[in-house]
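Reader: I have a structure here and some bench questions about it. Can we go through them one by one?

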Amino acid sequence: MNTGQISHPFIFELKNVTKTYDSVQVLPPVNLLIPSEQTTVLIGPSGCGKSTLLRLMIGLLEPDTGHILFEGIEITQENIPLLRQRMGYVIQNGGIFPHLTAQKNVTLMAQYLGWERPRIEERLLELAKLTQFPRDGFNRFPAQLSGGQQQRIALMRALMLDPDVLLLDEPLGALDPVIRSDLQNDLKQIFHSLGKSVVLITHDIQEAAFLGHQIVLLRAGHVIQQGTIHELISAPTDPFVTRFVKTYRGPLETLETLEISKGGDI
Ligand code: ADP
Ligand code: MG
């Protein structure tokens with residue numbers, strides 16, 4: 001939503017950020033600019049450091065060296081609790097609490113912050129409408145809801161405090177293909193209507209191209225290329241990029257393939 005406020009051009013800036021786990025360096029110095037009010041997709045093979053990057057951005061991890069800025073402000077251990085209230089995060093596999101109802105999952109943080117009941121209820125209804133979550137699901141526990149509905153709870157929870165940025169770690173990874181495709185469409189619609197900065201992780205190039213204004217392709221912690229799907233296809237910076245995007249089928253290409261196979265049948 002455009003509130004008329006001038007936002008910082010970059011929601012996140014990573015400057016020479018490194019991270020080592022148990023003497024294995026998973027992130028060599030990473031420099032990355034994530035633009036505001038756009039959807040940026042982090043993509044790359046399993047284990048390349050995508051989740052680590054996201055955890056660093058929301059301050060769940062501290063970089064060994066380097067700096068991370070959120071809307072131009074350097075993240076520190078002191079300011080992160082407050083800054084994090086402006087970040088909505090959906091962890092890999094959703095991370096909703098199984099022993100809490102859908103409503104409680106979504107409203108927990110607002111209650112903790114002392115929001116008045118009417119304000120909480122109004123926001124909950126707004127979010128249920130936005131994510132098309134059924135009203136009769138509010139009092140159910142996650143196990144009594146479908147996988148797609150559980151993802152909608154995770155999304156509502158991340159959006160509850162109306163954050164400046166939404167970070168989603170493989171939000172659709174565990175869903176079957178039909179539900180996944182429905183939710184991809186819904187997510188795109190939601191991102192568009194909110195106009196927020198979004199950072200999303202996937203390992204699916206179709207999903208990256210469908211949802212992302214731009215894509216950041218990683219390999220072993222290195223940013224190999226950052227750009228639109230068309231830039232990755234037409235001006236790859238490395239043979240790895242070409243290998244990675246070769247499975248991409250644009251909508252027109254898919255149609256052409258269908259036409260060819262139809263023709264072949266005759
Ligand atoms: P991705 O999300 O791209 O699959 P991750 O960021 O989760 O990758 O992990 C990057 C690498 O760091 C992997 O090799 C993983 O095994 C390792 N790793 C992640 N978290 C930890 C941790 N807490 N301790 C040790 N190694 C870790
Ligand atoms: Mg991951």
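Reader: Is lysine 19 buried or exposed?

Author: This is a predicted model, and every value here is computed from it. The cut-off for buried is under 20% relative accessible area. Lysine 19 has a relative accessible area of 10%, so this residue is buried.

Reader: Which residue forms a salt bridge with lysine 19?

Author: Side chains of opposite charge can pair when their charged atoms come close. For lysine 19, the closest N and O atoms of the pair are 3.6 Å apart. The partner is aspartate 64.

Reader: How many residues apart in sequence are the parts that this pair ties together?

Author: Lysine 19 lies in strand E1 (residues 10–21). Aspartate 64 lies in the loop between H1 and strand E4 (65–70). The pair therefore ties together parts whose separation in sequence is 45 residues.

Reader: Why does aspartate 64 count as partly exposed?

Author: Partly exposed lies between the cut-offs of 20% and 50%. Aspartate 64 falls there because its relative accessibility is 42%.  Its partner, lysine 19, is buried at 10%. For aspartate 64 the value is 42%.

Reader: Which residues are linked with Arg86 in a network of salt bridges?

Author: A search of the whole structure finds 11 salt bridges. One of them joins arginine 86 and aspartate 164, with the closest N and O atoms 3.3 Å apart. Arginine 86 is in the loop between helix H2 (80–84) and E6, while aspartate 164 is in the loop between H5 and strand E7 (165–169). The residues linked with Arg86 in the network are Glu71 and Asp164.

Reader: What is the relative accessible area of aspartate 164?

Author: Arginine 86, its salt-bridge partner, is partly exposed at 30%. Aspartate 164 is partly exposed too. Its relative accessible area is 27%.

Reader: Where does the salt-bridge partner of arginine 152 lie?

Author: Arginine 152 pairs with aspartate 186, the closest N and O atoms being 2.9 Å apart. Both residues are buried. They are 34 residues apart, with arginine 152 in helix H5. Aspartate 186 lies in helix H6 (residues 177–194).

Reader: Which residues coordinate the magnesium ion (ligand 2)?

Author: The coordinating atoms are OG and OE1, at 2.1 to 2.7 Å. One residue is in helix H1 (residues 50–57), the other in the loop between strand E6 (87–90) and H3, 41 residues apart. The serine is buried at 14% relative accessible area, whereas the glutamine is partly exposed at 35%. The residues are Ser51 and Gln92.

Reader: Which helix gives the largest share of the largest nonpolar core?

Author: This core has 47 residues. Phe133, Leu166, Leu168, Leu200 and Ile205 touch the most other members. The largest share is 6 residues, and these come from helix H5 (residues 147–159).

Reader: How many residues are in the other core, the one with Phe12?

Author: This core lies apart from the largest one. Among its members are Phe12, Val26, Ile75 and Leu167. The number of residues is 30.

Reader: What is isoleucine 205 in contact with, leaving aside its neighbours within four places in sequence?

Author: Ile205 is among the residues that touch the most other members of the largest core. Its contacts are Ile43, Ile215, Ile229, Phe244, Val245, Thr247 and Tyr248.

Reader: What accessible area does the nonpolar patch with Met109 have?

Author: Methionine 109 lies in helix H3 (residues 102–112) and is partly exposed, with a relative accessible area of 37%. Met109 forms the surface patch with Tyr112 and Leu113. Together they have about 320 Å².

Conventions. Residues numbered from 1 in each chain as written. Chains lettered and ligands numbered in written order. Predicted model: local features only at pLDDT ≥ 70, side-chain atom pairs only at ≥ 80, totals over all residues. Heavy atoms only, no water. Core = buried A, V, L, I, M, F, W, Y, C linked by side-chain atoms within 4.5 Å. Buried < 20%, exposed > 50% of the residue type's maximum accessible area, 1.4 Å probe, protein only. Helix = DSSP H or I, 4+ residues; strand = E, 2+ residues; numbered from the N terminus. Contact = heavy atoms within 4.5 Å. Patch = residues over 30% accessible without salt bridge, like charges linked within 9 Å, V, L, I, M, F, W, Y side chains within 5 Å. Areas by Shrake-Rupley, 256 points an atom, 1.4 Å probe, with all protein chains shown as cover. Salt bridge = Lys/Arg side-chain N within 4 Å of Asp/Glu carboxyl O. Donors = N, O, S within 2.8 Å, 3.2 Å for Na, K, Ca; no water.
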